[in-house]
2 protein chains.
Amino acid sequence: VTLSLDQYRERFDRVMNLALTNNQVPDRLQDAMRYSALSNGKRVRALLVYAAGFAVNAPIERLDAVACALECIHSYSLIHDDLPAMDNDDLRRGQATNHIQFDEATAILAGDALLTLAFELINAPNSQLTDAQCRLISHKLAIGAGQIGMVGGQTLDILATAQLSSPEQLKDMHLRKTGALINAAVSCGALCAENLNADVLKRLSDFADNIGLAFQVIDDVLDVESNTEQLGKRSKADLALQKSTYPKVLGLEASKQLAQTLYQDAIASIDGIGDNTQHLTELATLVVTRKH
Amino acid sequence: VTLSLDQYRERFDRVMNLALTNNQVPDRLQDAMRYSALSNGKRVRALLVYAAGFAVNAPIERLDAVACALECIHSYSLIHDDLPAMDNDDLRRGQATNHIQFDEATAILAGDALLTLAFELINAPNSQLTDAQCRLISHKLAIGAGQIGMVGGQTLDILATAQLSSPEQLKDMHLRKTGALINAAVSCGALCAENLNADVLKRLSDFADNIGLAFQVIDDVLDVESNTEQLGKRSKADLALQKSTYPKVLGLEASKQLAQTLYQDAIASIDGIGDNTQHLTELATLVVTRKH
């Protein structure tokens, strides 16, 4: 049977809830982790894991731990990015940010614990992955999430505040900050298959880079065009922080056009890898047409 | 040839420096990571990896990545613990803490990047470990460092501030906060051997729990008895934060006696596992006789 994206999402919600249930964890820490990681996100990264895995016939049981790991890392990054010392946001996914709901110390620790949990889940004896897959996936995820990927991108973002970057600098920053984890989601989902073809992995990786960048361009556009209620987080936040954004560097219309081009390049990347790319296409469409 | 602890330490300094050299990392992030991770620490965790590996005849080349991973995680935990929202320390290892030397945002990100790097190093294609070892070690390390281990312990520590805990609560907190990563260091070092005997692993784990707790008892004693110059960090910090400590709960002399008992139990734990336990014994002695 072929699951719909909604059905994948239901499955994900169930396994993620289980992954965040452990009676050995101090209550306050677990409450803070669950507050953010089980909140009403779009789950783009988890769904990309399932969609990429489906495209290459990976067993669905193997995708669960990887999907949870990706969302753990995404959640941790939001918690830390929202901290007063970083973007200082008080609203996220329509609810108070973690450090507002709990406190700064708890928010820092909840983020640290979620990041660590990602690697615990993948390498757990019951994760259904082979040892070789655990290693490849752990490595890919660490590269995407770490110093040259997401954390590196967030560093560049903070350094770039209040200075207008060139389109090239902006692209480099966003490919790291958002693109690296999106790429890890797609690549790690694909790595759950047996005998993955290197060319197919490359095409999926290109797909991910294109929609990762499109995701961020749309994020910048929405920050300008939407209001706080629609976004579930403060709109005009980039402007307030004097951040470099696509609308600022390219203009609003050119930014929207860029997102369309990236979308088309993404779809072209996975042309010919097989008949099971429908979920990837659907997610790419969702990324560029989303309103929040 | 049998290396001395000093020679292991020289080897570690060399591989750690290499592990923290990557020209794709934004300069400011790498500077902050290197500032803390290459500072003049005691390297107890790295040395425990080598000492435990030596005790079970693990090839030294396999221990390098694991030793670096342990110290990456230890460094990250110190950076985050020192943050204003946590213990708010300005001095560590005789130098300004990371967020004082850089800024809070950079310190948070440097910690995040070091934690992630730990899993990158272990699972790297060139880490010399087998796939099965990567999985076991990644899992053990994530358990020790995460929600039920170190991060869980730090949460309990923060919650316990300003309330006198029972000796049992204090032990639980410290077994997590300090003991879990010490245990991970010893266990992961041992897991680098081929065909590790389960009983030997259990004995090494008991050794680690005993010296982990002894380490923290001595830490509490030193906070009372030493001055800031000797410690390289602010003395009397526990008192200032009204933290629950062994001297406060048990008294100073009983705390020193407890450290001795734990030391003897540690030595007894590894009696009979073979002839190569000298480095473990030396490190246990160092833990209870240290003056900073």
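**View 1. Where chain A meets chain B in this predicted model.** Here 51 residues of chain A are in contact (heavy atoms within 4.5 Å) with 51 residues of chain B. Together the two chains bury about 4,400 Å², and 67% of that sits on carbon and sulfur atoms; buried area is the accessible area (1.4 Å probe) lost on putting two parts together, summed over both. On the chain A side, A:L109, A:R135 and A:Q147 give up the most area to chain B, together 19% of what that side buries.

**View 2. Helices α4 and α9 of chain A.** The axes of α4(A) (residues 60–81) and α9(A) (residues 167–190) come within 9 Å and cross at roughly 170°. So α4(A) runs roughly antiparallel to α9(A) (angles over 145 degrees). From α4(A), the contact uses A:L63, A:V66, A:L70, A:I73, A:H74 and A:D81; α9(A) brings A:K177, A:L181, A:A184, A:A185, A:C188 and A:G189.

**View 3. Helix α10 of chain B and its start.** This helix (residues 198–225) has 28 residues and spans 40 Å from first C-alpha to last, close to the 40 Å expected at 1.5 Å a residue (1.5 Å times one less than the number of residues). At its start, a side-chain oxygen of B:N197 reaches to within 2.7 Å of the backbone nitrogen of B:D199.

**Notes.** Residues are numbered from 1 along each chain as its sequence is written, and chains are lettered from A in the order written. Local features need pLDDT of at least 70, side-chain atom pairs 80 or more, while totals for chains, interfaces and linings use all residues, and side-chain values use heavy atoms, leaving out hydrogens and water.

Terms used
Helix = DSSP H or I, 4+ residues; strand = E, 2+ residues; numbered from the N terminus. Polar contact = N/O pair within 3.5 Å; in protein donor to acceptor, adjacent residues only side chain to side chain. Axes fitted to C-alpha atoms, helices over the stretch in contact; angles between N-to-C directions. Parallel < 35°, antiparallel > 145°, perpendicular 65-115°, else oblique.
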